[in-house]
Amino acid sequence: MPTRLGRRSAPAPSTLPTSRIAAGIGRYAAALRVSGAVRYYGASLPVRFGAAMLGLGMLVLIRHATGGYAAAGAVVGTLAVASAVGGPLAARVTDRYGPRRVLPPLVAGNALGAVGLVVAVTTTAPVPLWYAAAVVAGLCTPAAGSLTRARWSALAPDRPVLSTGFALESLTDDLTFVVGPVLATLLGSLVQPALAPLLSALLVLAGGVAMAIQRPPAQTAPSAPGHPGTDAAPGHPDTGTAPGHRAAGAGSTRTGGPGAAPGTGTPRPPRRGAWHGVAGALGIPAVRVMAGAFVATGVVFSGIQVSVAAAASGYGHAAAAGPVYGCFGLASMCAGLGYGAIGWRSAPHRRVAAGFGCLAAGCALLPLAPGLGGLAAAVTVPGLAVAPTVIAGNTALEQRVGAGQLAEAFAWLGGACALGVAVGSAAAGRIVDGYGPRAGFLLPVVAAAVAALLVARSAGTLDPHPR
């Protein structure tokens with residue numbers, strides 16, 4: 001009802017939370033109606049759970065076979081490094097030739113490597129064969145999350161839906177890397193040590209084939225003959241990221257997305273020399289910036305994990321390390337869920353800069369936390385910044401990378417984070433051994449601050465509409 005001043009009366013305060021919740025649910029419902037992307041996302045779930053199980057499953061198996069952690073850690077570390085290297089390379093090939101051609105042999109190689117490693121360990125084959133099998137399994141691990149993010153980018157009808165799709169991706173990453181290792185530990189410890197890696201190989205194989213048989217998204221118009229990403233060109237990539245085109249019927253009017261000239265809705269083809277360059281997507285400045293920030297993010301993850309474990313042991317409650325660190329992951333999942341329900345108006349590159357700033361500020365609380373209860377509360381604060389920062393980072397990158405290189409670009413972020421986890425684990429272990437758990441918490445503080453500074457200084461590189 002109008003007031004005497006001719007203005008509409010404000011809605012009752014009690015209705016505001018309800019309307020916001022309804023709007024958030026509506027955004028997730030809109031994302032789930034993007035059928036091609038959702039089917040592809042669903043097909044990727046077995047791959048992602050299987051990949052998350054493999055490392056810890058192999059660790060349990062090799063420790064059971066050898067009685068120690070030295071060989072187990074070395075082999076699993078080899079597997080992790082091979083995965084970090086192989087993911088971006090596999091995504092580059094998939095961007096070029098499409099998942100229908102690449103995924104079946106890739107997941108077959110992963111299964112061969114994983115099963116070969118199980119056989120080598122259980123039959124006490126020469127140790128070099130263990131490493132060889134680990135390298136094969138790692139190099140052939142498909143970058144499922146990168147491919148699904150690229151498919152969201154191709155099919156999401158507008159940027160709010162794309163942001164919510166990326167939020168689902170972040171939630172899935174958090175969930176798989178919480179549930180996967182727990183399942184691998186339970187199967188390996190309570191049922192059969194070889195069961196977890198074998199189940200991992202089966203899940204990756206089945207999910208990879210399911211992703212490969214998905215229909216590629218339709219295009220609004222054919223590209224120039226000879227361009228990768230067209231029906232007329234040899235090597236048509238059916239990745240869902242056809243260069244310079246949106247899916248038919250998408251109806252998007254967003255600008256600055258992949259394949260669009262900054263500030264316009266005009267499609268642009270990917271750079272012809274990108275595939276032939278050794279660096280690939282890593283040759284794009286925005287990818288290098290975000291990869292550097294994600295290396296630091298991986299250091300934050302592992303630095304917190306190692307320091308929490310050391311602190312819990314120091315307090316005489318080593319078993320509490322899992323629940324305490326779980327507060328970090330749970331906070332990230334909840335924040336990611338909320339992020340996807342919000343209709344953001346600020347630019348993604350500004351959100352990612354703010355996110356890294358919040359992550360650094362949250363990490364600064366860790367060395368000051370008193371007791372296990374205080375530590376659980378302290379890790380929750382930086383955890384709240386993780387998923388929103390990762391989602392905003394992926395969204396900012398999507399605006400700066402041509403569609404034909406999106407999967408590879410996303411895979412570089414995953415590989416960079418994995419590299420940071422490996423470096424952070426080693427560094428945090430040395431710091432904790434030498435100076436104690438509180439000193440170990442300084443590592444994520446420094447890493448988060450470096451990431452925040454890097455992104456803040458690179459605002460022009462990440463901005464799709466630089467002035």
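This section describes the helices, the buried salt-bridge network, the nonpolar cores and selected helix contacts of a predicted model.

The protein chain is made up, in terms of secondary structure, of 16 helices and 0 strands. Of its 467 residues, 52% are buried. When contacts between residues at least 6 apart in sequence are considered, 80% of them join residues at least 24 apart.

A search of the whole structure finds 4 salt bridges, among them a pair formed by Glu169 and Arg48, whose closest N and O atoms are 2.7 Å apart. Because Glu169 belongs to helix 7 (residues 159-191) and Arg48 to helix 2 (residues 35-66), this pair ties together parts of the chain that are 121 residues apart in sequence. Both partners are withdrawn from the surface by the criterion applied here, under 20% relative accessible area: Glu169 is buried at a relative accessible area of 0%, and Arg48 is buried at 6%. Arg48 also meets Asp173 in a salt bridge, with an N to O distance of 3.1 Å. This second pair again links distant parts of the chain, with Arg48 in helix 2 and Asp173 in helix 7, 125 residues apart. Asp173, unlike a residue that counts as buried, is partly exposed, with a relative accessible area of 24%.

Asp173 in turn forms a salt bridge with Arg149, for which the closest N and O atoms are 2.7 Å apart. Since Asp173 lies in helix 7 and Arg149 in helix 6 (residues 144-155), the pair ties together parts that are 24 residues apart in sequence. Arg149 counts as buried, at 6% relative accessibility. Through shared partners, the salt bridges join Arg48, Arg149, Glu169 and Asp173 into one network. In general, side chains of opposite charge can pair when their charged atoms come close. The surroundings of Arg48 are not confined to its salt-bridge partners: with residues up to four places away in sequence left out, Arg48 touches Tyr41, Ala144, Gly145, Thr148, Arg149, Glu169, Thr172, Asp173 and Thr176.

Attention then turned to the nonpolar interior. The largest nonpolar core contains 91 residues, of which Trp152, Phe356 and Leu397 touch the most other members. Helix 9 (residues 285-314) gives the most to this core, contributing 15 residues. For Leu397, the contacts beyond its neighbours within four places in sequence are with Ala286, Val287, Met290, Ala409, Phe410 and Leu413. A second core, separate from the one just described and made up of 21 residues, includes Leu54, Leu61, Ile62 and Val121. In soluble globular proteins, nonpolar side chains tend to be buried together.

Two helix pairs were examined in terms of their axes and their contacting residues. The axes of helix 2 and helix 3 (residues 70-97) come within 8 Å and cross at roughly 155 degrees; the two helices are therefore roughly antiparallel to each other, given that angles over 145 degrees count as such. Helix 2 passes helix 3 in a right-handed crossing. At this contact, Leu54, Gly55, Met58, Leu59, Ile62 and Arg63 in helix 2 meet Ala71, Ala72, Gly73, Val75, Val76 and Leu79 in helix 3. Leu54 and Ile62, which take part in this contact, are also among the residues of the second nonpolar core.

For helix 4 (residues 99-122) and helix 8 (residues 195-212), the axes likewise come within 8 Å, and the crossing angle is roughly 175 degrees, so that these two helices are also roughly antiparallel to each other. The residues of helix 4 in this contact are Pro99, Arg100, Leu103, Pro104, Val107, Ala108, Asn110, Ala111, Ala114, Val115 and Val118, and they meet Pro197, Leu198, Ala201, Val204, Leu205, Gly208, Met211 and Ala212 in helix 8.

Finally, Ala184 offers a further example from helix 7. Ala184 counts as buried, at 0% relative accessibility, and its C-alpha atom is separated by 5.4 Å from that of Met53, although the two residues are 131 residues apart along the chain. Not counting residues up to four places away in sequence, Ala184 touches Met53, Leu56, Gly57 and Ala196.

Conventions
Residues numbered from 1 in each chain as written. Predicted model: local features only at pLDDT ≥ 70, side-chain atom pairs only at ≥ 80, totals over all residues. Heavy atoms only, no water. Salt bridge = Lys/Arg side-chain N within 4 Å of Asp/Glu carboxyl O. Helix = DSSP H or I, 4+ residues; strand = E, 2+ residues; numbered from the N terminus. Buried < 20%, exposed > 50% of the residue type's maximum accessible area, 1.4 Å probe, protein only. Core = buried A, V, L, I, M, F, W, Y, C linked by side-chain atoms within 4.5 Å. Contact = heavy atoms within 4.5 Å. Axes fitted to C-alpha atoms, helices over the stretch in contact; angles between N-to-C directions. Parallel < 35°, antiparallel > 145°, perpendicular 65-115°, else oblique. Left-handed = near helix turned anticlockwise from the far one by under 90°.
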